[in-house]
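Subject: The structure we talked about

Hi,

Here is the structure for you to look at. Open it up next to this email, and then read on for what turned up in it.

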Amino acid sequence: MTTAPASGCPVDESFDPLSPEFLADPFTVMAKAEAPVFFAPSIGYYVVSRYKDVEEVFRNPATYSAATAQAPLAPLVPEAQQILLASGHKPQPSMSSLDEPAHARLRKPAARAFSMKRVTAMIPAIGAAAAQLLDAVRGEPEFDLVATLAFPLPANIVFSLMGVPEQDYAQLKQWCGYRAALSWGRPAPEDQVEIATSMAAYRRYMRNLVDLKVAAPGDDMASDLVAIHDEAPDRLTLDEIASILFTLSFAGHETTTGLITNTVRRLLEDPARWDEIADQPGLIPQAVEETLRYDPSVAVWRRVTTRPVTLAGVDLPEGARLYLWLAAAGRDKAAFADPDRFDLHRPDAERHLAFGKGLHFCLGANFGRLEAQIAIAELARRYPRLRLVPDQEFTFHPNISFRGPQVLLVRTHP
């Protein structure tokens with residue numbers, strides 16, 4: 001992996017996506033970025049910010065490998081590395097970090113288990129869960145949207161879909177938080193051992209869940225994957241099923257939490273927007289797509305070059321690590337008209353790259369969209385005059401990829 005910039009590549013010493021200033025407002029930093037590709041010494045990555053260049057990377061997986069997609073951003077101390085590898089814990093690469101042909105071999109059964117039939121069958125459960133969560137704050141003049149709805153809804157739904165026992169939901173939520181810090185944050189050395197210990201336990205839990213489904217299958221995704229294994233054990237091993245579940249258990253809720261929160265925040269920034277979607281719920285899918293373009297919950301993804309290649313005029317060596325700035329691609333003036341304006345009626349918002357493109361396009365994209373739309377529709381039905389609590393300061397989890405306010409205070413009446 002390269003840690004120094006290629007000759008002739010612009011360098012931005014000030015760019016640090018984990019700095020307090022960036023976490024608070026990356027869009028101000030984005031507006032100042034001039035070079036379409038530049039090197040950021042703070043993270044050792046080449047930042048790719050233009051829509052067409054990010055799209056090119058996604059469309060060429062042979063040259064731009066997914067191997068770095070979930071690699072720890074910061075070097076791990078030896079003790080943390082040992083914990084991840086020792087005591088029988090054998091981490092399997094996740095689908096999002098695999099290249100062909102291994103990626104296709106895992107994605108095909110996962111797509112079968114994640115069928116539209118199973119997703120569609122979850123619609124009543126999603127609606128009922130959203131209603132139950134909002135019932136808990138009925139009559140409250142103010143509440144935190146994240147804690148009340150945006151965090152528990154997608155987590156509970158995806159764990160239910162996978163077949164996780166309800167009593168284990170809280171533990172999985174905690175482990176998922178550690179996972180974000182390990183792969184996409186900059187945890188202090190003294191915290192890495194605790195995080196690594198949690199990750200080892202998280203992986204073991206998923207492997208044990210697979211064994212549970214082998215012994216007692218249910219009507220859930222894990223059991224569907226076990227059934228596929230039974231058809232051809234050599235094509236999909238039980239360890240690989242555990243790896244698929246490990247991926248989905250995190251990706252299936254962390255991103256949707258941010259999507260719900262970001263969409264509601266952007267709609268409430270201008271009360272007229274919320275009033276419009278409350279009056280015309282048919283606009284909610286468009287609001288979700290515009291948020292995915294304007295303020296995506298997955299702001300960044302990563303790749304690494306497999307050979308020397310020229311991108312946006314920069315000669316990259318083999319092993320160059322790329323920081324694909326999806327949020328910047330959504331604000332690219334060459335790709336979208338007036339991109340810094342949130343437009344509920346934008347005709348091409350769905351061209352965003354928030355779910356990736358090509359080989360690694362997000363398997364749960366439609367599921368995440370569906371959950372966000374149902375949650376926002378229920379919220380708008382109950383609170384057509386919902387407003388942001390004024391003068392609140394938003395905080396964000398310190399990681400490079402996943403973005404959404406940790407707390408979003410809303411008021412049920414103006």
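Let's start inside. The largest cavity is lined by 37 residues, and those nearest its centre are Ala 251, Trp 301, His 360, Cys 362 and Leu 363. Keep in mind that this is a predicted model. The volume of the largest cavity comes to about 650 Å³. Helix 5 (102–113), helix 10, helix 13, strand 5 and helix 17 are the elements that each give two or more residues to its lining. Helix 13 has the largest share there, with 8 residues. Sorted by class, the lining of the largest cavity has 21 nonpolar, 12 polar and 4 charged residues.

How many cavities of 30 Å³ or more does the structure hold? There are 3 of them. The second largest cavity has a volume of about 140 Å³, and 20 residues line it, with Phe 22, Pro 26, Ala 299, Ile 400 and Arg 403 nearest its centre. Two or more lining residues each come from helix 1 (20–24), helix 2 and strand 8. Here helix 2 gives the most, with 3 residues. The lining of the second largest cavity splits into 15 nonpolar, 3 polar and 2 charged residues.

Next, a pocket. The second largest pocket has a volume of about 390 Å³. Its lining is made of 20 residues, and Phe 151, Glu 254, Thr 257, His 397 and Gln 406 sit nearest the centre. Helix 10 (169–184) and helix 13 are the elements that give it two or more residues. Helix 13 gives the most to this pocket, with 5 residues. By class, the pocket lining has 7 nonpolar, 10 polar and 3 charged residues.

Helix 13 comes up again in the core. The largest nonpolar core has 132 residues, and Met 206, Tyr 323 and Trp 325 have the most contacts inside it. Helix 13 gives the most to this core, with 13 residues. Try clicking on Trp 325: leaving out residues up to four places away in sequence, Trp 325 touches Phe 15, Phe 22, Pro 26, Val 29, Met 30, Val 47, Val 48, Ser 49, Ala 299 and Val 300. Two of those names, Phe 22 and Pro 26, should ring a bell from the second largest cavity.

Now for two helices. Why is helix 15 (residues 284–294) described as largely enclosed by the rest of the structure? Because 9 of its 11 residues are buried. Among them are Ile 284, Val 288, Leu 292 and Tyr 294. The buried residues of helix 15 pack against helix 2 (26–32), helix 13 (238–269), helix 14 (271–279), helix 16 (326–329) and helix 17 (365–382).

In helix 3 (residues 51–59), the buried residues are Tyr 51, Asp 53, Val 54, Glu 55, Val 57 and Phe 58. Their cover includes strand 2 (45–48), strand 5 (300–305), strand 8 (321–325) and helix 16.

Finally, zoom out. The protein chain has 17 helices and 10 strands. Its radius of gyration is 21 Å, close to the 22 Å that the globule rule gives for 414 residues, so the chain is as compact as a globular protein of that length. Buried residues make up 56% of the 414 residues. Of the contacts with a separation of 6 or more, 77% are between residues 24 or more positions apart.

Have fun exploring!

Technical notes. Residues are numbered from 1 along each chain as its sequence is written. This is a predicted model: local features need pLDDT of at least 70, side-chain atom pairs count only at pLDDT 80 or more; totals for chains, interfaces and linings use all residues. Side-chain values use heavy atoms; hydrogens and water are left out. Buried means under 20% relative accessible area, exposed over 50%, partly exposed in between (1.4 Å probe, protein chains only). Helices (H or I, at least four residues) and strands (E, at least two) are DSSP runs, numbered from the N terminus. Contact means heavy atoms within 4.5 Å. On a 1 Å grid over the protein atoms alone, a cavity is a set of points where a 1.4 Å probe fits but cannot get out, and a pocket is an open set with protein on both sides within 12 Å along at least five of seven lines; lining residues have an atom within 4 Å of a point. Grid points are joined across faces, edges and corners, and a volume is the space filled by probe spheres set on the points. Ala, Val, Leu, Ile, Met, Phe, Trp, Tyr, Cys and Pro count as nonpolar, Asp, Glu, Lys and Arg as charged, and the others, Gly among them, as polar. A nonpolar core is a set of buried Ala, Val, Leu, Ile, Met, Phe, Trp, Tyr and Cys residues joined through side-chain atoms within 4.5 Å. The radius of gyration is taken over C-alpha atoms; the globule rule is 2.2 Å times the number of residues to the power 0.38.
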